[in-house]
Amino acid sequence: MSILILVRHGQSVYNFENRFTGNLDIGLTPLGEEEARQTGEKLKSYTFDMAYTSTLLRAQESMRIILEVIRQTEIPVVKSASLNERMYGSLQGLNKEETIKKYGAEQVETWRRSFDICPPDGESLAQTFGRTVSYYKSEIAPKLKAGKNVLIVAHGNSLRALMMYIENINSVAIAKINIPTGLPRRYSFGKDFKLLNVKYL
């Protein structure tokens, strides 16, 4: 049996300021650091063979804190842009409430939650799905099939893409799913890589 844990990074400065972050490299707030520590406390009973994160600071810092708390800093940590947050184009850095006032709540909600509609100059969830799931299939799934336990610390949309694939969630249902910061989601796989159980810890 193998275990996969997905974790969205702790609260970032732009999360706190209610801004579109996308693939801008923004650090954690003190609360975000505490969320990562709390995540580590929840994962103390798990032993990981591999860890994967994005190339963005908020995910890497969350990973560092988690591994320090669980005392597994020696495991290999792979950083890949395939796990980066969705690129929000010209919305990046803008305050969400101000953007709603300018474009309307319905339009902003469409940009944020639609599967295949891109924000201005940005990336759709479908495009994020393409790069993230391709990387998962080629690099991460083989480790799980080999019985290894894997920790992934990434971002709301890259993790939503993985949830879609692993849990067979359709493009309509995924629009209603929001992944909380710092809350581990556990997947257990049995023989023939069959998904046995999914739950938040």
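Axes are lines fitted to C-alpha atoms, for helices over the stretch in contact, and the angles between N-to-C directions run from 0 to 180 degrees. The views below come from a predicted model, in which local features need pLDDT of at least 70 and side-chain atom pairs count only at pLDDT 80 or more, while totals for chains, interfaces and linings use all residues. Residues are numbered from 1 along each chain as its sequence is written, and side-chain values use heavy atoms, with hydrogens and water left out.

**View 1. Packing of helix H4 against helix H5.** Helix H4 (residues 96-103) and helix H5 (residues 105-113), where helices (H or I, at least four residues) and strands (E, at least two) are DSSP runs numbered from the N terminus, pack with their axes 7 Å apart and at an angle of about 120 degrees. H4 is therefore oblique to H5, on a scale where angles under 35 degrees count as roughly parallel, over 145 as roughly antiparallel, 65 to 115 as roughly perpendicular and the rest as oblique. On the H4 side, Lys96, Thr99, Ile100 and Tyr103 meet Ala105, Gln107, Val108, Trp111 and Arg112 of H5, contact meaning heavy atoms within 4.5 Å. By class, this contact of H4 with H5 has five nonpolar, two polar and two charged residues, where Ala, Val, Leu, Ile, Met, Phe, Trp, Tyr, Cys and Pro count as nonpolar, Asp, Glu, Lys and Arg as charged, and the others, Gly among them, as polar.

**View 2. Surroundings of Ser124 in the loop between H5 and H6.** Ser124 has a relative accessible area of 3% and is therefore buried, a term that means under 20% relative accessible area, with exposed meaning over 50% and partly exposed in between (1.4 Å probe, protein chains only). When neighbours within four places in sequence are left aside, Ser124 is in contact with Arg86, Phe115, Asp116, Ile117 and Cys118.

**View 3. Crossing of helix H6 and helix H7.** Helix H6 (residues 125-145) packs with helix H7 (residues 156-167) at an angle of about 70 degrees, the two axes being 8 Å apart, so that H6 is roughly perpendicular to H7. The crossing of H6 and H7 is right-handed; a crossing is called right-handed if the near helix is turned clockwise from the far one by less than a right angle, and left-handed if anticlockwise. H6 contributes Leu125, Thr128, Phe129, Thr132, Val133, Tyr136 and Lys137 to the contact, and H7 contributes Asn157, Ser158, Arg160, Ala161, Leu162, Met164, Tyr165 and Ile166. These residues of the contact of H6 with H7 divide into nine nonpolar, four polar and two charged.

**View 4. Helix H2 beside helix H3, with Thr39 in H2.** The axes of helix H2 (residues 30-42) and helix H3 (residues 57-70) come within 8 Å and cross at roughly 40 degrees, which means that H2 is oblique to H3. H2 passes H3 in a right-handed crossing, and Glu33, Ala36, Arg37, Thr39, Gly40 and Glu41 of H2 meet Ser62, Ile65, Ile66, Val69 and Ile70 of H3. The contact of H2 with H3 comprises five nonpolar, three polar and three charged residues. Thr39 counts as buried because its relative accessibility is 0%, and, not counting residues up to four places away in sequence, Thr39 touches Val7, Ile66, Gly182, Leu183 and Pro184.

**View 5. The open sheet and its strand S4.** Six strands form an open sheet in the order S3-S2-S4-S1-S5-S6, with mixed pairing, two strands being paired if DSSP finds at least two bridges between them. The edge strands, each pairing on one side only, are strand S3 (77-79) and strand S6 (195-200), and the twist averages 15 degrees from one strand to the next. H7 packs on the sheet, touching strand S1 (2-8), S4, strand S5 (185-189) and S6, and the direction of H7 makes about 145 degrees with that of S1. Strand S2 (residues 50-53) runs parallel to strand S4 (residues 150-154) and is joined to S4 by four bridges, with Tyr52 standing opposite Ile152 in S4. S1 and S4 also run parallel, joined by five bridges, and Val7 stands opposite Val153 in S4. In a regular strand the side chains alternate between the two faces of the sheet. Both faces of S4 are covered, with Val150, Ile152 and Ala154 buried on one side and Leu151 and Val153 buried on the other.
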